[in-house]
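Visitor: Could you zoom in on one spot in the loop region for me, and then work outwards through the side-chain contacts? I'm after geometry and cut-offs rather than a story.

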Amino acid sequence: MFDTVLNRFLLVLSLVFSMLLMAAAPAMAACPDDAAIDAYLSDFATRRLSKGFGNDISLADAECAKRKLGQKLPALLGSPMGYKAAFANPVLQQRFGVDGPKWGYMFDRNFVDIIAVLPADFGARPLVEADFLVEVKDPRLADAKTPLEALAYLESVIPFIELPDLMLEGQFSGNAMIATNVAFRGGVMGMEIPVQKTQAFLDALATMTVVMTDDAENKEIGRAKGSVLMGHPIKAAMWLAAELKKDGIPLKKSDLLSLGGFINPVPPKPGMKARVQYVGLPGDPQVTVEFN
């Protein structure tokens with residue numbers, strides 16, 4: 001009899017304790033619902049600052065929001081054309097408090113491949129970033145074991161100025177930025193450079209100096225070696241291809257992969273003439289954009 005009463009008492013005590021724990025625990029976040037996604041897209045379409053999906057959003061929920069946006073952004077940004085690596089530069093990882101590179105979707109409507117003159121207010125919190133593209137030749141890039149092998153699966157490398165839009169109000173976390181498809185809005189492409197499947201070409205990609213200037217003020221904004229992107233730009237391409245495969249997204253021929261920012265991005269202003277040059281690649285190629 002005593003054992004039965006004691007067992008019942010312990011069971012009740014356990015249930016009460018569990019209920020107290022549940023009441024004391026903070027509410028768990030969740031993947032943003034369709035209403036939250038549509039509210040963000042409304043802000044995106046009108047280029048106004050957004051509250052986003054919360055600064056304390058978890059990485060899992062941020063990735064979920066990104067995928068939902070990936071399904072709806074074509075209505076505003078056109079057809080899918082590839083993917084971007086974000087936080088490939090350790091400096092940016094530290095700045096935004098993320099544990100490594102992440103990826104986002106890219107779309108073609110705001111990609112410009114001519115001499116570009118654009119409004120300085122192209123976004124709510126617009127930025128200009130020295131970046132770099134590779135064009136996929138073969139989806140086996142995702143399985144490449146070395147950068148030299150990966151070159152065989154690439155068609156070209158392309159100078160690129162990304163024009164991201166942070167969009168979010170105030171200070172925000174890396175996860176909050178991931179949730180917004182890592183701030184993608186568009187960019188400006190230079191001339192394609194055919195890949196040379198040689199060690200010399202591979203070395204040039206690592207040792208090139210990427211220099212960003214504002215030619216209107218004859219001022220250098222920043223410079224960095226190609227190797228700041230995960231030790232080598234092609235390693236960034238390999239990481240992105242492998243990560244997409246792991247997430248169930250197969251690459252296609254002609255997909256473009258944006259490999260990340262070489263230096264801290266800067267806000268544009270009217271009259272600015274941003275130029276990014278890749279010193280050490282064949283012909284020291286460059287890409288420019290002017291803002292009005």
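Guide: Let's start at M167, which sits in the loop between β6 and α7 (174-179). Helices and strands here are DSSP runs numbered from the N terminus (H or I with at least four residues for a helix, E with at least two for a strand). Two bits of housekeeping: you're looking at a predicted model, in which local features need pLDDT of at least 70 and side-chain atom pairs pLDDT 80 or more, while totals for chains, interfaces and linings use all residues. Residues are numbered from 1 along each chain as its sequence is written, and side-chain values use heavy atoms, with hydrogens and water left out.

What catches the eye at M167 is its backbone: phi is near 65 degrees, a positive value in a residue that isn't glycine. M167 is also buried, with a relative accessible area of 0% (buried means under 20%, exposed over 50%, partly exposed in between; 1.4 Å probe, protein chains only). F87 shows a positive phi too, about 60 degrees, and F87 is not a glycine either. You'll find F87 in the loop between β1 and α5, where its 4% relative accessibility makes it count as buried.

Now step back from M167 to β6, the strand on one side of its loop. Strand β6 spans residues 154-162 and holds F160. How is the ring of F160 placed against that of F111? The two form a stacked aromatic pair, 5.3 Å centre to centre with 15 degrees between the planes. The rule pairs rings of Phe, Tyr and Trp (its six-membered ring) when the centres lie within 6.5 Å; planes under 30 degrees apart are stacked, over 60 edge-to-face, and the rest tilted. This contact links distant parts of the chain, as F111 belongs to strand β3 (residues 111-112) and is 49 residues away from F160. As for accessibility, F160 is buried at 0%, and F111 counts as buried at 12%.

Follow the rings further and you reach an aromatic cluster: F111 and F160 share it with Y83, W103, Y105, F107 and F184. Across the model the count comes to 15 aromatic pairs.

W103 gives us a way from rings to charges. The charged end of K66 sits over the W103 ring, 3.4 Å from its centre. For that label, NZ of Lys or CZ of Arg has to be within 6 Å of the ring centre and within 35 degrees of the ring normal. R185 does likewise with F44: its charged end sits over that ring, 3.9 Å from the centre.

Which contacts pair charge with charge? There are 17 salt bridges by the rule used here (a side-chain nitrogen of Lys or Arg within 4 Å of a carboxyl oxygen of Asp or Glu). One of them joins K68 to D34, with an N to O distance of 3.9 Å. Because K68 lies in helix α3 (residues 59-72) and D34 in helix α2 (residues 34-46), this bridge ties together parts that are 34 residues apart in sequence. Neither end is hidden away: K68 counts as partly exposed at 24% relative accessibility, and D34 counts as partly exposed at 46%.

K246 and E243 make a local counterpart, bridged at 3.3 Å, N to O. These two residues lie in helix α9 (residues 233-246), three residues apart, which is about one turn of the helix. Here the accessibility splits: K246 is exposed, with a relative accessible area of 61%, whereas E243 counts as buried at 19%.

Two more are worth clicking on. D138 and R140 bridge at 2.8 Å, N to O, and D138 counts as buried at 17% relative accessibility. And E217, K219 and K269 don't stop at one partner, but are linked in a network of salt bridges.

So if you want a short viewing list, go from M167 with its positive phi to the stacked rings of F160 and F111, on through the cluster to W103, then to K66 over that ring, and finish on the bridge between K68 and D34.
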